Amino acid sequence: MDFNFMLQAHRGFAYLILLATAVFVIALLATMFGYSGKISKLLRKSTLFTMIFFHTQALIGLIMLFFFSPGFKAAKEAGTLMKDAVSRNTYVEHPTAMIIAAVLLTIVNKKFKTNDKIQMSWVIMAVIAIALMLWAFQWHRLFGA
């Protein structure tokens, strides 16, 4: 395996995460503003698939970061990892925020899986996870902006 293969896999899963997150948000809003507040099968499945894609993406990203990334190794050896804003964003802030979002989504998935009615604290946790993901998402690398 080489760095380019891992990078393409990481980018491919980014598109899947965006799609799964959009379905998850729609299902969450439909459940929140529905009359019963019952957790639907769509919400359970969308949460599960979003969580699976997040975990796969995190695994690919961490393998790529620690084993294949020439930029991470160079910045770490030069001592500029935290001094340079681009390096800090790419190699520290992005992975940390995405891992926290994945952990929060795992907790939300467990809550949705084991309960029948939605609670506002779970919605807040899901919104925080989505906000972290959207903040740390590498939009310029994925869409070339």
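These exercises work through helices, a buried glutamine, salt bridges and a surface patch in a predicted model.

**Exercise 1. Locate Gln 57, decide whether Gln 57 is buried or exposed, and find what surrounds it.**

Step 1. Find the element. Gln 57 sits in helix α2, which covers residues 41-68.

Step 2. Check the accessibility. The relative accessible area of Gln 57 is 11%. The cut-off for buried is under 20%. Gln 57 is therefore buried.

Step 3. List the contacts, setting aside neighbours within four places in sequence. Gln 57 touches Ala 9, His 10, Phe 13, Ala 14 and Ile 17.

Step 4. Look for a polar partner. A polar atom of the Gln 57 side chain lies 2.9 Å from the backbone oxygen of His 10.

**Exercise 2. Describe the span of α2, its buried residues and the helices they pack against.**

Step 1. Take the span. α2 has 28 residues and runs 39 Å from first C-alpha to last. That is close to the 40 Å expected at 1.5 Å a residue.

Step 2. Pick out the buried positions. Among them are Phe 53, Phe 54, Gln 57, Ile 60, Gly 61 and Met 64.

Step 3. Recall helix geometry. With 3.6 residues a turn, an α-helix has residues three or four places apart pointing the same way.

Step 4. Identify the packing partners. The buried residues of α2 pack against α1 (3-32), α3 (70-78), α4 (85-114) and α5 (120-136).

**Exercise 3. Do the same for α1, then place Phe 3.**

Step 1. Take the span. α1 has 30 residues and reaches 42 Å between its first and last C-alpha. The expected value is 44 Å, and the two are close.

Step 2. Read off the buried residues. They include Met 6, His 10, Ala 14, Ile 17, Leu 18 and Thr 21.

Step 3. Find the cover. It includes α2, α4, α5 and α6.

Step 4. Turn to Phe 3. Phe 3 lies in α1. Its relative accessible area is 27%, so Phe 3 is partly exposed.

Step 5. Look across the sequence. Phe 3 and Leu 65 are 62 residues apart in sequence, yet their C-alpha atoms are 9.4 Å apart. Leaving aside neighbours within four places, Phe 3 contacts Met 64, Phe 68, Ser 69 and Pro 70.

**Exercise 4. Count the salt bridges and say which parts the Arg 44 pair ties together.**

Step 1. Count. There are 2 salt bridges.

Step 2. Take the pair Arg 44 and Asp 116. Their side chains meet at 3.6 Å, N to O. Arg 44 is in helix α2 and Asp 116 in the loop between α4 and α5, so the pair ties together parts 72 residues apart in sequence.

Step 3. Check exposure. Arg 44 is partly exposed at 26% relative accessibility. Asp 116 is exposed at 59%.

Step 4. Take the pair Arg 88 and Glu 93. Their side chains form a salt bridge at 3.2 Å, N to O. Arg 88 is partly exposed at 25%. Glu 93 is partly exposed at 27%.

**Exercise 5. Find the members of the nonpolar surface patch and place Trp 139.**

Step 1. Name the members. Tyr 15, Leu 134, Trp 139 and Phe 143 form the patch.

Step 2. Give the area. Together they have about 400 Å² of accessible area.

Step 3. Place Trp 139. Trp 139 belongs to helix α6, residues 139-143. Its relative accessibility is 34%, so Trp 139 counts as partly exposed.

Notes. Residues are numbered from 1 along each chain as its sequence is written. This is a predicted model: local features need pLDDT of at least 70, side-chain atom pairs count only at pLDDT 80 or more; totals for chains, interfaces and linings use all residues. Side-chain values use heavy atoms; hydrogens and water are left out. Helices (H or I, at least four residues) and strands (E, at least two) are DSSP runs, numbered from the N terminus. Buried means under 20% relative accessible area, exposed over 50%, partly exposed in between (1.4 Å probe, protein chains only). A polar contact is a pair of N or O atoms within 3.5 Å; within protein, one must be able to donate a hydrogen and the other to accept it, and residues adjacent in sequence count only if both atoms are side-chain atoms. Contact means heavy atoms within 4.5 Å. The expected span of a helix is 1.5 Å times one less than its number of residues. Patches are made of residues with over 30% relative accessible area and no salt bridge: like charges are joined within 9 Å, nonpolar side chains (Val, Leu, Ile, Met, Phe, Trp, Tyr) within 5 Å. Accessible areas come from the Shrake-Rupley method with a 1.4 Å probe; for residues, only the protein chains shown count as cover. A salt bridge is a side-chain nitrogen of Lys or Arg within 4 Å of a carboxyl oxygen of Asp or Glu.
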